[in-house]
Each structure stands twice: as structure tokens, then as C-alpha cells.
Amino acid sequence: MKRLLWNLLLLTGILLTACGALADDYPYYTEIWVSEKPKKTTYNVGEAFDPEGIEISGTVVKDASGKTGINKIGTSGLRWSPKTFTSEGKKTVTLTLSVKGKDGKWVDQKCTTTVNVTDKTNYPYCAKIDVTKEPKKTTYVVGESFDPAGIEVTGTYVKDAKGTTSKSVLATKKMKVSPTSFKTAGKQKVTLSLSVIGKSGAYKTMSTTMTVNVTDKAQKVPKITKHPTGEVVEPGSSASFIARADGYESLTWTFISPHGTEYSVDNARKKIGTVMKVSGESAEKLRLTHIPAAADGWKVYCTFKNAAGSVRSDSALISVTEEEEATNTPVPQQTGQESTGHCAECLLSLIPEEDASEPGEYYLVKMDASGKVLLMKKIDTGDNGPAERVIKGTVNAKTVAVRTAASQSSLVTAYVYQGEEVTVLRRTGKYYEVETKAGVRGYCWADYVTASGVPVTD
């Protein structure tokens, strides 16, 4: 009985050994390596690895006895890293290949090879080109030819091995276009090609694209049905400007400064003051709130666009009024005594003598802001009345309107600007009568001009 049990155990061991041997799937690979280097082993920075000519060999286990051999393996399915060389020097390329493993399944085995990378790039070279400003015409009718007028194409140049870049606007005189004309309606992609300097220093063709709209028949430009009108407002208040048109697809509001320079809504707010809020810049109704005094003299207009073109509305003037106070400066009727007191703000005035026997006899009166006479002196200015004294003033506000009369409702004849010098003739209420360097006479808000010793008239 014992002998029988022993034989069964022996037989079981033999069977288990046989099963273990059957689990291995011969032949299988234990390692791979590069047995023949690729044809190309020297590269320039920016080039991609080329495995042409490479041979991969592997160690193969042939049977359960452990007998091994060496086989050449095909390179089908070979993968490598890095794919492209970004810097110079001796570089290691890792190669990966799927081979048959011990259990019969395919497994990834890796090996390496080395290459030399140099930097012989001709700097600067153009890496790409882009359309940075579209041409004036972007909508066409079937049968029309592409018109590049107004287009701007910019090249991005690599300046050194570190990858530093710069941009430069390219000449488009010799630019090639495809297609040159449009045969079907819809959105059409246009390919633009230019000759630029490549990495090797030789010229190469580089392309970019843009999209245009092509219609079956000519579309009419929008037709304006309502122009915006000017608004007169007080500082800090609001105003609305309305413009309408038929047949438009989009609209844009634009501001014009008193100098005549045009600004987008955002840039106009930066110039006028960001305290002013704007809404409806892409709607028919443009609304301004918290309008500051600096907006006086600015204008707005609306541009309506569709695929056929654009049309511009009339400009609407923004007039910002200021609170005006009547100034009743007391006029002395008799000669006063000279005062030795000091005043912070003194006014000078020439008052005709009521009982003068000869023309040209006047009183020079000096008084403080309350009307108190500080000095009165009789002078003779000659037969033609008081002579105008030349008083120079400096504009202290950003933009100041010069008007036909000492009233905010009067017409604006000119503008003067901060730092500009004007001749101040006299003061009337809260206005100075001034003469600009261009010879324009008119009235402007006195607080906006720094001057002293200005004559006062009622």
C-alpha cells in the first residue's frame, strides 16, 4: 500500500513538471538591441529622427532546455522617442518594439541608439505667416476675383537657438492667391502664399488662409433711416443717441474727439474719463451715463455693415453745460481811498468817469472778490477810451470750447487745449473773452484758464 502511494506521488510530480514546461511558448525573446545603426546619425536642431537602415536583433530562447540564439527582428511597428531634436549635442534615442514573450503574448522591449545633433540653422528664419489685418473687401459675388487690397500678412521669425521670436509685416506684392476667383456661394477659404527665408537660409514657400463670404447676387449696402442727434447735458447726467438702418448685419459706434481723432468706445472712455459709463455700443441706442465736463465737444456716429459694405451716420455733438452764476460786480460811484490790505483774488476794472469833461478820462479800480474797493485812481487813456492791456492766460483743462457769447447755449467756434496760451481781454460773469493764437475771438469758461489782472465788465 505504501509503495502504491509513493508511485502516485511520483507520477503526479512528473505530470506537474510536464505541465510547467508546456506553459512556456517557445521560442520567445528576452531582450533586443540595435545591431545596425540607421543611415542618418547626424542631425540639425529641429530635424526629426529617421530610422531608415536600422536593424534590430534579439536574444531568443528556443526550447525548454534553455537553448538560446540570436535573431534579426523586422522593424515593422518600431517606435522611438524623441521624434524631433530640439537642442544640439549627443542625444539618445529610445526604440520600442513589440516581440513575443515567454507566455506567448506580445510585449514591448526597448533598446537605444545615439546620434549627434548640431545647430546649423540660419537665423533669423520664418517659422509661420498669419493674416493680421483682413483686406478691405471680404464679401464677394459669384464670379468676382479676390482683391487683396488692404491686407496685412505678418511673419513670425525665430531669432536664435533659444527660440526667441519676433514679428515682421511682409510685403504682399508677389503674394500668390488660390482660388483667384469664386465660382460658388458660401464661405470660401482663400490660401495665401509668400516666399520667405527658411532655416537653411534659402527661400521657401509658406502659406496661410483666410475666409471670405461669397453670395449669389449683389447685396445692397444698409440704408440709414434715422441719424443720431446732438444732446445738451449737464455734468454727471445721461444722454442717449439713436441711429437706425435697414438691411444691416452689424453696427459699431465711434467717438470723435474735438481734435477730429476717431476712437472706439473703450478708447474714448479712457480719453474722456472712465467715470462715464457706456451701454448699447452694438445696439441702435447708445446710452452714456455719468457724462463728465471733459466730454464737451465730442461727437458720436454709427456705422452699419452687411456683406455688401458699410454706411456711416451723421455725427451727433455732445454738449456739456455748466451751472452759470450772474456776477454783479459793484461799480463805485465815487473816488475811494487806497487800501493797504491784501486780497487773495483782486479784480481790476476801468470805469468811465461820469462827469469827465474830456473823453478818455477813466478810473482804474482795484477791488476784492466781494466788491470792496481797495484802490481807485483816475487815469487818462486818450480820446479812444481805455487801452486794452495784453494779459496772457494758460488753458488748464484738457479741452475748452470757445463760444460766440458768454453763454453755454452759444455756438462753439473753436477749441483750445491744456497748456495752450491765449490772450485774455476781459471777464464777463464766469467767462473770459479770449483771443486764440489762431486769431479767433470768443468766450470760454474762466475756471479753465489761468490768468490774473483781467478787467471785468458786466
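This report covers local features of a predicted model: a buried threonine, one helix, the cysteines and some backbone outliers.

**Thr96 and its surroundings**

Thr96 lies in strand β6, which spans residues 89-100. Its relative accessible area is 8%. Buried means under 20%, so Thr96 counts as buried. The side chain of Thr96 makes a polar contact with the side chain of Lys110, at 3.0 Å. Beyond its neighbours within four places in sequence, Thr96 touches Gly77, Leu78 and Arg79 among others. Its contacts also include Asp108, Gln109 and Lys110. Lys110 therefore appears both as a contact of Thr96 and as its polar partner, while Thr96 itself is buried.

**Helix α2**

Helix α2 runs over residues 265-272. Which of its residues are buried? They are Val265, Ala268, Arg269 and Ile272. These four cover an arc of only 100° around the axis, so they sit on the same side of α2. The general pattern is simple: an α-helix has 3.6 residues a turn, so residues three or four places apart point the same way. The cover over the buried residues of α2 includes three strands: β19 (250-256), β20 (262-263) and β21 (277-279). After the helix comes Gly273, with a positive phi near 140°.

**Cysteines**

A disulfide is a covalent bond between the sulfur atoms of two cysteines. How many disulfides does the count give? It comes to zero. The test requires cysteine sulfur atoms within 2.5 Å. Cys302 is buried, at 0% relative accessibility. Cys444 is buried too, at 1%.

**Backbone outliers**

Most residues other than glycine have a negative phi, and most peptide bonds are trans. The exceptions below include two cis bonds and one positive phi at a residue that is not a glycine.

| Site | Backbone value | Place |
|---|---|---|
| Ser81 to Pro82 | cis, omega near 0° | Pro82: loop between β5 (79-81) and β6 |
| Ser178 to Pro179 | cis, omega about 0° | Pro179: loop between β12 (176-178) and β13 (186-197) |
| His290 | positive phi, about 55° | loop between β22 (285-289) and β23 (299-306) |

Pro82 sits in the loop that leads to β6, the strand that holds Thr96. Is His290 buried, partly exposed or exposed? Its relative accessible area is 43%, so His290 is partly exposed.

Note on methods
Residues are numbered from 1 along each chain as its sequence is written. This is a predicted model: local features need pLDDT of at least 70, side-chain atom pairs count only at pLDDT 80 or more; totals for chains, interfaces and linings use all residues. Side-chain values use heavy atoms; hydrogens and water are left out. Helices (H or I, at least four residues) and strands (E, at least two) are DSSP runs, numbered from the N terminus. Buried means under 20% relative accessible area, exposed over 50%, partly exposed in between (1.4 Å probe, protein chains only). A polar contact is a pair of N or O atoms within 3.5 Å; within protein, one must be able to donate a hydrogen and the other to accept it, and residues adjacent in sequence count only if both atoms are side-chain atoms. Contact means heavy atoms within 4.5 Å. The arc is that of the directions from the helix axis to the C-beta atoms.
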